[in-house]
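Got your viewer open and a selection box ready? Let's walk through this one stop by stop.

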Amino acid sequence: MPPCCLCGGVHRLVFSRRFILVAFLLLQYTPSTHVAAAVWRRRVFWVHHSTYTNARGLFRIRPATSANQGAARQGGFLPMATASSSTSTASYFSSSAPSFPNPIPSRPVPSPSQDHRTIKRIYAYAHGFLSNENSFKGRHFQGVFAACDTHLHLLNLNGGDQNSNQNSGLGSISYTGGLAAIQALYEREGGREKGVKLTLLGSSLGGYVAARFAELHPEAVEKLVLFCPGFDLQSRWPRVFGEVGLREWEERGFRDFEGPGGCGSVRVPWSFIEDGRRHPAFPAYGVPTLIIHGLNDDVVPVETTTKGLFGQEGGDGWGGMVKTCTQVLMVNDDHALTKPKTLAVAASSILEFLDIRKEEDNKEGGREEDCVLSMTDHLEVEAKFALPTDRVGFEEKILAAGGELKGAVIFTDIYWDLPGEILSLANVWLRQRSGIWELKVPAVEGEHPNQQPIACYREILGQTDIETWLIAAFPAMLRPLAHLPLGELLDKAGAYHMASYTTERSKYVIPCVGGGEVGGEGTRECQMLSIDVDDASFGFGLVEIEELVASQDDVAAAEKRIKRCAREQLGLHGVEKVMRGKLEEYILRHDPAHHARLVERQVYCNWGG
């Protein structure tokens with residue numbers, strides 16, 4: 001079977017932003033695999049009769065030192081905290097894979113070259129091998145984007161040589177030709193002069209080309225979405241065709257492939273292989289990236305991505321900076337990614353990742369802008385509990401209570417603070433999650449959420465909204481830098497890093513008990529609560545139950561649902577007790593002096609008292 005890019009339709013679903021960050025989704029499983037899925041951490045996990053082993057210990061995190069507290073690094077700045085989250089199974093990495101220090105970038109990821117508010121965003125889809133701009137998947141995603149009043153360009157990576165015989169055009173694809181096609185779109189839309197930023201979607205070989213373009217032209221690319229990207233294909237060809245078959249291809253100068261849809265043969269010249277050898281196996285891109293990969297992909301196995309990201313030594317390339325800006329969504333599908341549930345989750349995840357909303361979502365808020373503007377902020381209502389000793393039993397209890405396993409999560413968090421610890425002492429938490437900026441502040445000014453059994457924080461998303469909030473909150477330091485995009489603003493302000501840790505997370509959703517609570521105006525529909533089962537790399541386990549709400553009027557009802565879920569459905573104790581979160585626990589262990597100052601400011605509780 002030729003390694004071609006297969007395509008399929010997309011259905012729009014709405015998931016919490018929290019669910020789409022790097023997830024391994026078990027989309028189709030029987031009740032028996034519910035139990036198997038719950039037995040993830042520190043155990044063997046079976047998927048389609050294949051054994052995947054835990055890679056616990058794969059990450060070694062470099063702790064912060066007192067030398068970088070309160071001072072910026074020369075020539076850049078350090079993240080306040082780096083938290084790299086691995087799957088609860090870690091089932092895609094060899095247990096013998098080398099460990100490496102968690103990368104601490106010297107600058108934010110990404111750091112736009114122009115004002116975030118003047119970007120001209122262009123979205124484009126790059127097809128795979130033996131395909132073209134009329135690919136079914138590309139057309140379908142174009143429809144999904146059109147529903148949001150956003151145009152998705154469909155690129156032709158075949159050099160435009162369709163002639164009268166479409167199949168001959170399919171065979172003219174090349175790495176260099178694909179890069180040229182993207183470059184042509186960039187220049188046609190106005191390039192750097194017009195502030196163009198490309199968001200590239202790419203499937204299979206097109207995914208590789210998109211990532212390679214982002215490596216070569218970082219100033220031109222804002223984000224990537226890669227479907228089973230064709231990383232390290234050159235090492236795959238001998239296994240696909242055999243050494244003899246590859247040698248025959250070279251000697252004859254061409255190889256005939258069966259065209260898609262049974263439409264005849266496609267002749268691909270040996271120059272395709274030669275061209276590919278001029279490019280690296282793993283492009284070292286540095287922009288926020290969502291990778292969607294099928295667990296059962298036999299063309300580009302999922303391990304190609306996961307080991308490339310998490311199984312190599314750190315540095316500025318793969319296993320280094322790339323890891324800090326990449327989210328990986330692993331689904332129960334093959335290279336085609338055409339299962340209906342896969343397509344639905346992919347559509348939802350992509351629109352969330354790219355911060356694209358349907359036009360009616362904007363109109364509800366009284367806004368007339370198109371759907372590429374930043375998402376409105378929301379409130380996160382969350383309770384924390386100690387991780388039960390019998391983790392497997394607890395996760396089985398979640399499933400028995402009607403919960404659904406959404407996935408094992410891999411993502412990288414980088415937290416930032418400013419000189420004098422002015423952000424953390426003000427209970428302001430700024431981070432990049434796989435390159436995406438997020439800000440958490442108390443929902444009510446002057447309140448101390450971390451001193452409450454159920455904390456309520458406001459989550460602000462989108463660089464422009466975050467920058468606006470920070471400048472308003474800290475005008476003396478930041479207003480003179482207001483003309484800069486967020487990354488450069490923080491750089492000039494002297495931001496620095498404070499801590500680093502890794503989290504393994506199992507992600508569940510569960511229907512609330514007694515849904516239909518009255519909260520604010522009218523009666524709300526039954527809500528789904530989110531349950532995160534976390535295990536941090538510094539030996540700290542945690543369970544978080546949360547609900548996202550739109551306004552302060554909804555908080556009281558959400559708190560009641562969370563308490564009932566904890567007590568009645570999950571049997572968790574300590575609902576009325578305050579529990580430390582992962583970041584606080586890390587600060588307490590690694591920098592008790594800073595923690596003491598946070599206690600003094602009433603950001604955290606006085607646990608000694």
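What follows is a tour of strands, charges and a few odd backbone spots in a predicted model.

**Stop 1: parallel strands**

Start by selecting residues 289–294, which is strand β13, and residues 326–331, which is strand β14. These two run parallel and are joined by six bridges. Want a couple of pairs to click on? Ile291 has Val328 as its bridge partner in β14, and Gly294 is partnered with Val331 of β14.

Now look at how covered these strands are. In β14, six of the six residues are buried, so the strand is largely enclosed by the rest of the structure. Turn on side chains and you'll see Thr326, Val328 and Met330 pointing one way, with Gln327, Leu329 and Val331 pointing the other, all of them buried. β13 is mostly covered too, with six of its six residues buried. From β13, Thr289, Ile291 and His293 point one way, while Leu290, Ile292 and Gly294 point the other way.

Next, add residues 221–227, strand β10, to the selection. How many bridges join β10 to β13? There are four, and these strands also run parallel. To find one of the pairs, pick Leu224, whose bridge partner in β13 is Thr289.

**Stop 2: a negative patch**

Head out to the surface and select Glu248, Glu250, Glu251 and Glu274, which gather in a patch of negative charge. Which element gives the largest share of this patch? That's helix α7, residues 233–252, with three residues. Zoom in on Glu251, which is found in α7. With a relative accessible area of 63%, Glu251 is over the 50% cut-off and therefore counts as exposed.

**Stop 3: salt bridges, buried and otherwise**

The structure holds 18 salt bridges, and a few are worth a click. Show Lys384 and Glu382 as sticks: their side chains meet in a salt bridge, 2.9 Å from N to O. Both Lys384 and Glu382 are buried.

Move on to Glu438 and Arg431, another salt bridge, with the closest N and O atoms 2.9 Å apart. Are these two buried or exposed? Glu438 has a relative accessibility of 6% and so counts as buried. Arg431, at 4%, counts as buried as well.

Then select helix α19, residues 582–590, and pick out Glu585 and Arg589. Their side chains form a salt bridge of 2.8 Å, N to O. Because they are four residues apart in α19, about one helical turn separates them. The partners differ in cover: Glu585 is buried at 6% relative accessibility, whereas Arg589 is partly exposed at 40%. While you're on salt bridges, select Asp534, Glu544 and Lys582 together, since salt bridges that share partners join them into one network.

**Stop 4: far along the chain, brought together in space**

Jump to Asp355, in the loop between α11 (340–353) and α12 (359–364). Asp355 counts as buried, at 12% relative accessibility. Draw a C-alpha to C-alpha distance from Asp355 to Leu461: the two are 106 residues apart in sequence and 9.0 Å apart in space.

Now go to strand β20, residues 454–461, and select Ile454. This residue is buried, with a relative accessible area of 7%. Ile454 and Met579 are 125 residues apart along the chain, with 9.2 Å between their C-alpha atoms.

**Stop 5: two positive phi angles**

Last stop, the backbone. Most residues other than glycine have a negative phi. Two residues to check against that are Leu130 and Gln602.

Select Leu130, in the loop between β7 (120–126) and α3 (136–146). The phi of Leu130 is near 60°, a positive value in a residue other than glycine. Leu130 is buried, with a relative accessible area of 2%.

Finish at Gln602, in the segment after α20 (592–600). Gln602 has a positive phi of about 65° although it isn't a glycine. What about its cover: buried, exposed or partly exposed? Gln602 is partly exposed, with a relative accessible area of 39%.

Terms used:
Residues are numbered from 1 along each chain as its sequence is written. This is a predicted model: local features need pLDDT of at least 70, side-chain atom pairs count only at pLDDT 80 or more; totals for chains, interfaces and linings use all residues. Side-chain values use heavy atoms; hydrogens and water are left out. Buried means under 20% relative accessible area, exposed over 50%, partly exposed in between (1.4 Å probe, protein chains only). Patches are made of residues with over 30% relative accessible area and no salt bridge: like charges are joined within 9 Å, nonpolar side chains (Val, Leu, Ile, Met, Phe, Trp, Tyr) within 5 Å. Accessible areas come from the Shrake-Rupley method with a 1.4 Å probe; for residues, only the protein chains shown count as cover. A salt bridge is a side-chain nitrogen of Lys or Arg within 4 Å of a carboxyl oxygen of Asp or Glu. Lys and Arg count as positive and Asp and Glu as negative; His and the chain ends are not counted. The place of a charge is taken as NZ of Lys, CZ of Arg, CG of Asp or CD of Glu. Two strands pair if DSSP finds at least two bridges between them.
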